[in-house]
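Colleague: I've got the structure open and want to talk through its charged side chains. Can you walk me through them?

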Amino acid sequence: MRRRAFTMVEMLAVVVLLGIIAAGTAWSLADNAQQRSHADLVAQLDHADEMARAAAARLGRPCILRIDLDQQRVQRVVETQDDQHAAQTTTVRFPHRIESVMVAGAQRHAALVESRSVAITYSTAGLSPSYAVRIVTSGETEQTLWLLVAGLTGQAMVMDNEDEIRDIFETLTPGGPDAD
């Protein structure tokens, strides 16, 4: 009786198929990891905003959320009773970067701020001007994402169209209830 075995061609076909499946799986997992870290950055910025609102309302003192674009750091600063500042810092270290911030009520209209540090001030009621943070993803292809935070409610939305963000900010009136 003759023993049957796989031919070299059959073995190569199986190895090639396994390689294609493994590459597809790795690509899918890498994409999911990038989306998760992106969502983590958005969640951390949203949480910093919520904490600044809560601190200002709870303490009855203005609070500042400082976003340092160079160091990729978000810092919450609360004035103490003796006019000193107490800072609580959250460092943002993800494979994405915070590139710029747009703040409603800055000067005559919404301004795209690309300076070293942007300060968002929260009133004693926990209100702030509306603002948007531009996040640029790193990886094979750079993508831009905006986190838009409504000043009165603190509701955060993720958007990907800068023109829509600019249109929203142009409708906000300087000196209105949404500004400081």
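Colleague: How far apart, N to O, are the side chains of arginine 166 and glutamate 162 in their salt bridge?

Modeller: Keep in mind that this is a predicted model. Both residues sit in helix 2, and because they are 4 residues apart there, about one helical turn separates them. Their side chains meet in a salt bridge, with an N to O distance of 2.9 Å.

Colleague: Is arginine 134 buried, partly exposed or exposed?

Modeller: The cut-off for buried is under 20% relative accessible area. Arginine 134 comes in at 9%, so call it buried.

Colleague: And which parts does the pair of glutamate 162 and arginine 134 tie together?

Modeller: Those two side chains form a salt bridge at 3.1 Å, N to O. They are 28 residues apart in sequence, so the bridge ties together helix 2 (residues 162–171), home of glutamate 162, and, on the arginine 134 side, strand 7.

Colleague: Where does glutamate 99, the salt-bridge partner of arginine 134, lie?

Modeller: In this salt bridge the closest N and O atoms are 3.2 Å apart. The pair links distant parts of the chain, 35 residues apart: arginine 134 is in strand 7 (residues 131–136), and glutamate 99 is in strand 4 (residues 97–103).

Colleague: What is the relative accessible area of arginine 166, and which residues share its salt-bridge network?

Modeller: Arginine 166 is partly exposed, at 31% relative accessible area. Bridges with shared partners put Arg166 in one network with Arg97, Glu99, Arg134 and Glu162.

Definitions and conventions. Residues are numbered from 1 along each chain as its sequence is written. This is a predicted model: local features need pLDDT of at least 70, side-chain atom pairs count only at pLDDT 80 or more; totals for chains, interfaces and linings use all residues. Side-chain values use heavy atoms; hydrogens and water are left out. A salt bridge is a side-chain nitrogen of Lys or Arg within 4 Å of a carboxyl oxygen of Asp or Glu. Helices (H or I, at least four residues) and strands (E, at least two) are DSSP runs, numbered from the N terminus. Buried means under 20% relative accessible area, exposed over 50%, partly exposed in between (1.4 Å probe, protein chains only).
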